[in-house]
Amino acid sequence: MKPTDNTPRCRQAIDAEISALLDKELAKANTNPWFIPRVMNRLPEQSRWGRVSVWQWVCYILGVAALIAAAVISGKWLIHTELSLLTLTTVAFTSLMAVTCAAVMMVPSLVRILREP
Amino acid sequence: MANRRLEEIKLLALCMASDNRDAFSRLVEIHQQGLRRFLLNLTNGNEALTDDLAQETFLKAWLAVRSFHGLSGFKTWLYRIAINEFSTYRRQAARYDFAGMDAGDLVIEDASASVRVTDTRMDVASVMRHLPEKERLVTLLFYLEELPVKEIVKITGMPEGTVKSHLSRARGHLSKLLTR
C-alpha cells in the first residue's frame, strides 16, 4: 500500500501510521509539578455565595417560602377573625411557625458549625 | 474510557453545582498533559508560551464552566478555548515570527534527557514547523489528538471542506516521512 493510493481504506491505514509516528516523535511537554498549583492559585477568590451548595439553596428557598406562606395564612386569618378571639395559643402557634421557618433556613449554617473541629 | 467519561461528568457537575475546586483541580490533572503537548507543538516548541496559554485556558474554562452545556465533549470545549487563546496571543504579539524560527531554536527534546534526538524526530519537527499555521493546527487535532473531522470543525470553526483540504495537504507532506 503506497502513500499515493487514495482509497478510503488506504487513507485510513496511512492516517493510522501518521498518528503513530506523530505520537512517537512529536515533542512532549515537560512534567511540571507546579502547573496545577499555579492554575488553582490564579482562580478568583470564592465569593460567599459561591461557597453555598445546592442543598443549602434548597433550604434557604424552602425557609423563605414557608415564612411567606405562614405570613399570608396568618394575615388572612387575622383579617377574618375578630381580635377578641385572639388567644395566647394562637400567638404562640404563629410565633412557633415563624421560628420553625427561620430554623429551616439556618440548618446549613448549623451543620457547618457542628462540622468544624 | 467510559469510566473516565463518567468521572469527567461527575467532576463537571461538582464544579457547576458548588464551585468545587478539588473537582476542577482533578479536571486540570486529567487534561493538562495532553493540552500542553498540543500547545507546545502548535507554538513550535515555545515552552514558556505553552504554559502561559495552558494556564489561561484552564482559567477561562473555570470562569465559563457554568456555560458549558455538554453538547460537545469537555475536551472539545477546552481545546476551543485554547485555540482562541492562541489566536488572541497571535493577534497581540505579531512581532513573534513562528514561521521564521530556525531549526536550532526548536525544542524537540523529550522531557527525558536520555532520549536521543533522532533524524526521524528532526524530520517530523521540520515538516510540522513548515506547515502553515492552520494546517498545523488541524494536523495536530486530527493526528495527535485523534479527533474526528466533525469535532475539529466545532473546535476551529472552519468549514468541513476546509478541514479536509488542510488534512489532505498535511497527509501528503507527512506520508513522505513514512516511506523513508
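The exercises below concern a predicted model and cover chain A, its contact with chain B, and several salt bridges.

**Exercise 1. Fold of chain A**

Describe the secondary structure of chain A and state what share of its residues is buried.

Solution. Begin with the elements: chain A contains four helices and zero strands. In sequence order the pattern reads α-α-α-α. Next take burial, for which the cut-off is under 20% relative accessible area. Of the 117 residues in chain A, 26% count as buried. Last, consider the contacts in chain A with a separation of 6 or more: residues 24 or more positions apart account for 60% of them.

**Exercise 2. Length of helix α3**

Check whether the end-to-end distance of helix α3 of chain A agrees or disagrees with the expected span, then list the buried residues of α3(A).

Solution. Helix α3 of chain A covers residues 54–79, which is 26 residues. The expected span is 1.5 Å times one less than the number of residues. This gives 38 Å for α3 of chain A. The C-alpha atoms at the ends of the helix lie 37 Å apart, so the two values agree. For the second part, the buried residues of α3(A) are A:Gln56, A:Cys59, A:Tyr60, A:Gly63, A:Ala70 and A:Ser74.

**Exercise 3. The contact between chains A and B**

Work out how much area is buried between chain A and chain B, and which parts of chain A take part.

Solution. Step one is the area. About 3,700 Å² is buried between chain A and chain B, and carbon and sulfur atoms give 61% of this. In chain A, the residues that lose the most area to chain B are A:Glu25, A:Phe35 and A:Arg42, together 17% of what that side buries.

Step two is the residue count: 33 residues come from chain A and 43 residues from chain B.

Step three is the polar part. There are 17 residue pairs in polar contact between chain A and chain B, both residues being at pLDDT 80 or more. On the side of chain A that touches chain B, the elements giving two or more residues are α1 (8–25) and α2 (35–42) of chain A. Of the elements, α1(A) gives the most, with eleven residues. Sorted by class, this side of chain A has 16 nonpolar, seven polar and ten charged residues.

**Exercise 4. Salt bridges at the contact**

State how many salt bridges join chain A and chain B, and identify the partner of A:Arg42.

Solution. The count between chain A and chain B is four salt bridges, while a search of the whole structure finds 15 over all chains. A:Arg42 pairs with B:Glu56, with 2.3 Å between the closest N and O atoms. Side chains of opposite charge can pair when their charged atoms come close.

Now consider A:Glu25. The side chains of A:Lys24 and A:Glu25 meet in a salt bridge with an N to O distance of 4.0 Å. A:Lys24 counts as exposed because its relative accessibility is 56%, over the 50% cut-off. A:Glu25 is buried, because its relative accessible area is 8%. A network of salt bridges links A:Lys24, A:Glu25 and B:Arg121.

**Exercise 5. Two salt bridges within chain B**

Place the pairs B:Arg26 with B:Glu29 and B:Arg169 with B:Glu135 in their helices, and give the burial of each residue.

Solution. In the pair of B:Arg26 and B:Glu29, the closest N and O atoms are 3.5 Å apart. Both residues lie in helix α2 (residues 21–42) of chain B, three residues apart, about one turn of the helix. B:Arg26 is partly exposed at 30% relative accessible area, and B:Glu29 is partly exposed at 43%.

In the other pair, the side chains of B:Arg169 and B:Glu135 meet at 2.7 Å, N to O. B:Arg169 belongs to helix α8 (residues 160–178) of chain B and B:Glu135 to helix α6 (residues 133–144), so this pair ties together parts 34 residues apart in sequence. B:Arg169 is partly exposed at 40%, whereas B:Glu135 is buried at 4%.

**Exercise 6. Surroundings of B:His173**

Which residues does B:His173 touch, not counting residues up to four places away in sequence?

Solution. B:His173 is found in helix α8 of chain B. Its relative accessible area is 37%, so B:His173 is partly exposed. The residues touched are B:Val127, B:Leu131 and B:Glu135. For comparison with B:His130, the C-alpha atoms of B:His173 and B:His130 are 10.0 Å apart in space, with the residues 43 apart in sequence.

Definitions and conventions
Residues numbered from 1 in each chain as written. Chains lettered and ligands numbered in written order. Predicted model: local features only at pLDDT ≥ 70, side-chain atom pairs only at ≥ 80, totals over all residues. Heavy atoms only, no water. Buried < 20%, exposed > 50% of the residue type's maximum accessible area, 1.4 Å probe, protein only. Contact = heavy atoms within 4.5 Å. Buried area = accessible area lost by both parts, 1.4 Å probe. Polar contact = N/O pair within 3.5 Å; in protein donor to acceptor, adjacent residues only side chain to side chain. Nonpolar A, V, L, I, M, F, W, Y, C, P; charged D, E, K, R; others polar.
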